[in-house]
Amino acid sequence: MDHARYREAEAAFWASLSVDPAERFVELASTGTPIRVLEVGEGPPTLFVHGASAGATSWATLAATLPDRRCIMIDRPGVALSPAPPPMTEFTEFDRVSRRFVADVLDGLGIEQVDLVVTSLGASIGFRSVAAAPERVRRIVALGYCFGAPAEDWPLMMRMTGLRRLSLAMTRIPPSRGMVRAMLGQLGLKDAINTGRFSAEAIDWFHSLVRDTDTMRNELLVYPPMID
């Protein structure tokens, strides 16, 4: 892994948006492990929880348009530059940790209440957190699909996570930039890439995320199987 190269790609993406996020780490009480936090803007605190194999910087373009909010973006445990927690082998353990997740983050930051923005696996975690501690969240906004909701079909990339050994083996293959574009296209970003709305710097950041960090491998090892 090459975290220095990842930081360079991430910094270039943020710089393309003329934003320089502040960084810190806070410890989660439920897992005893730290997570990385990026913050930009000032105003009402808003916590962003990303989806599978993404990272805090997946919210960069949106956060750059919200200078009147304190945008708090986290690398979920095991993702990007956040250390991996102990594996959750059973779904009941994922549910327990998810129910504590938002409260743990807020306690670590010394914040009583936030607005919450979530997507994909982050939405599954976020809604569990809200159900367990509704007083910590003023309102919740879910963007796109909430992982775990009924779906007629899954992108090939997501279906393959059900084949645990094959998926783990594939994480050892350094992905090319073309492979990364294809992965993003399967996740619904094809038009955004082709029109430039998902910028070259954003592609380079995601390429570095899956190449230079243990994100993909940790997502498979930390969380219990969720797709048959």
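Okay, let's start with one residue: Arg 76 is buried, at 0% relative accessibility. Buried here means under 20% relative accessible area, exposed means over 50%, and partly exposed is in between, with a 1.4 Å probe and protein chains only. What we have on screen is a predicted model, where local features need pLDDT of at least 70, side-chain atom pairs count only at pLDDT 80 or more, and totals for chains, interfaces and linings use all residues. Residues are numbered from 1 along each chain as its sequence is written, and side-chain values use heavy atoms, with hydrogens and water left out.

So where does Arg 76 sit? Look in the loop between strand 4 and helix 3. Helices (H or I, at least four residues) and strands (E, at least two) are DSSP runs, numbered from the N terminus. Leaving aside neighbours within four places in sequence, Arg 76 is in contact with a list of residues that includes His 50, Phe 101, Glu 219 and Tyr 223. Contact means heavy atoms within 4.5 Å.

Arg 76 also helps line a cavity, together with residues including Thr 31, Pro 77, Met 88, Phe 101 and Tyr 223. A cavity, on a 1 Å grid over the protein atoms alone, is a set of points where a 1.4 Å probe fits but cannot get out, and lining residues have an atom within 4 Å of a point. Searching the whole structure turns up one cavity of 30 Å³ or more, and the largest has a volume of about 90 Å³. Grid points are joined across faces, edges and corners, and a volume is the space filled by probe spheres set on the points. Which helix gives the most to the lining? Helix 3, residues 91–109, with four residues. By type, the lining has eight nonpolar residues, two polar and one charged. For that split, Ala, Val, Leu, Ile, Met, Phe, Trp, Tyr, Cys and Pro are nonpolar, Asp, Glu, Lys and Arg are charged, and the others, Gly among them, are polar.

Zooming out now. The chain has nine helices and six strands, and 47% of its 228 residues are buried. Take the contacts between residues at least 6 apart in sequence: 73% of them join residues at least 24 apart.

Next, the cores. In soluble globular proteins, nonpolar side chains tend to be buried together. A nonpolar core is a set of buried Ala, Val, Leu, Ile, Met, Phe, Trp, Tyr and Cys residues joined through side-chain atoms within 4.5 Å. The largest one here has 29 residues, and Trp 14, Val 40, Met 73, Leu 184, Phe 198 and Phe 206 touch the most other members. Helix 8 gives the most to this core, with six residues. Leu 184 touches residues including Ile 193, Phe 198 and Phe 206, not counting those up to four places away in sequence. There's also a second, separate core of 27 residues, including Val 26 and Phe 94.

Two loop residues to finish. Pro 44, in the loop between strand 2 and strand 3, is partly exposed at 38% relative accessible area. Val 114 is 70 residues from Pro 44 in sequence, yet 7.5 Å away in space, C-alpha to C-alpha. Ser 58 lies in the loop between strand 3 and helix 2, and is partly exposed at 33%. Ser 58 touches His 50 and Trp 205, again not counting residues up to four places away.

Technical notes:
1 Å grid on protein atoms, 1.4 Å probe; cavity = no way out; pocket = protein on both sides within 12 Å on 5 of 7 lines; lining within 4 Å.
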